[in-house]
Amino acid sequence: MGSFSAEAFPTIALDEAAGELVLVDQTLLPNEKKLLRLSKQEDIWEALHTLRVRGAPAIGVTAALAMALAARDIETEDYSVFEKRFNEAADYLASSRPTAVNLFWALDRMRGVTAAHRGEAVARAKALLLEEAKKIREEDIAVCKAIGENALTLVRKGDGLLTHCNAGRLATVEYGTATAVMYLGHERDYGFRIYCDETRPLLQGARLTAFELSEAGMRPTVLCDNMSASLLETGAVNAVFTGCDRVAANGDSANKIGTQLLALAAKRYGVPFYICAPTSTIDMKAASGADIPIEQRKPEEVTEMWYERRMAPEGVSAYNPAFDVTPADLITAIVTEHGVLRPPYTQSISGLGL
């Protein structure tokens, strides 16, 4: 179906003429490249919930564009009725994923537009909501590139870089967060050696990160999650970069399950562990990681997904949290679009003025 370019296969785009949200169906990668065209809120909710689109920034952009579509479909000239229905649609979309703060951040930004223009024409509010959604998408591209530029100051040419899950272009609009340093380094001939944890149980590292980096001309090496400590012990890795779904005010960071184990191993072997975090993922309402809700997913993802036959005895359940929280004391630095934050994070994060 052609190359996996941003033009041919945008991670997230809006077809205004058709009134459709255009998404890469990430559940089919790497074996099938398919674009979804969604216009109904129920279908967008399903795409978010089933991880057809995933990654904190991508979830936020998807939510913003979805709400622009939702606003367009509300047929009323009464602003109070319009805002009520708009907020109901936002509440519905918010129920799709509980952990990624970008979802709620984007929805709140869109709600803010409707609240700020009460008393004006509904048509104007719809136009402003579309403009805001487009702005959120463009901001994501700029933010990710800035994170990459800041991350490049932490590494040298020829370094070995290890990442977990997918915090790449597929989790954003372009560049990614944790992979932005890899994309920019590749463009500038840094010659990085790149390693990707496969990331059980949904295999985002093997299916998505390795796929998109390979498509961009890099040659990543995939390893099972339980092999990372062994790799770190060899000295082949000079830095670990991961993304995050939510950062608490004290620096504790929630990311895909297995991230905390990787941070523990990196600490043991003296390898810098960096969280790449757009400031939109920082939740000042969460004092620590204890305040971050962790999504529990169905056990079949562990026992049956990817297998022709069930790989655990019938009747055996599975513990399947989607995320874990890496304590701040395991994080060397948090890389944002505004710079590199160092401990103590309560001070450096509060200094952002969020």
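A salt bridge here is a side-chain nitrogen of Lys or Arg within 4 Å of a carboxyl oxygen of Asp or Glu. This is a predicted model, where local features need pLDDT of at least 70, side-chain atom pairs count only at pLDDT 80 or more, and totals for chains, interfaces and linings use all residues. Residues are numbered from 1 along each chain as its sequence is written, and side-chain values use heavy atoms, leaving out hydrogens and water.

Q: How many salt bridges does the structure hold?
A: Let's start with the pairing itself. Side chains of opposite charge can pair when their charged atoms come close. In this structure, the number of salt bridges is 23.

Q: Is E132, the salt-bridge partner of K135, buried or exposed?
A: The closest N and O atoms of K135 and E132 are 3.8 Å apart. K135 is partly exposed at 37% relative accessible area (buried means under 20%, exposed over 50%, partly exposed in between, with a 1.4 Å probe and protein chains only). With a relative accessible area of 14%, E132 is buried.

Q: Which residues are joined with E301 into one salt-bridge network?
A: E301 and R297 meet through their side chains in a salt bridge of 2.9 Å, N to O. Both E301 and R297 are buried. Through shared salt-bridge partners, E301 is joined into one network with R97, E295 and R297.

Q: What separates D108 and R111 along helix 4?
A: D108 and R111 form a salt bridge, with their closest N and O atoms 3.8 Å apart. They lie 3 residues apart in helix 4 (residues 101–116) (helices are DSSP runs of H or I, at least four residues, numbered from the N terminus). The separation is therefore about one helical turn.

Note on methods:
Helices (H or I, at least four residues) and strands (E, at least two) are DSSP runs, numbered from the N terminus.
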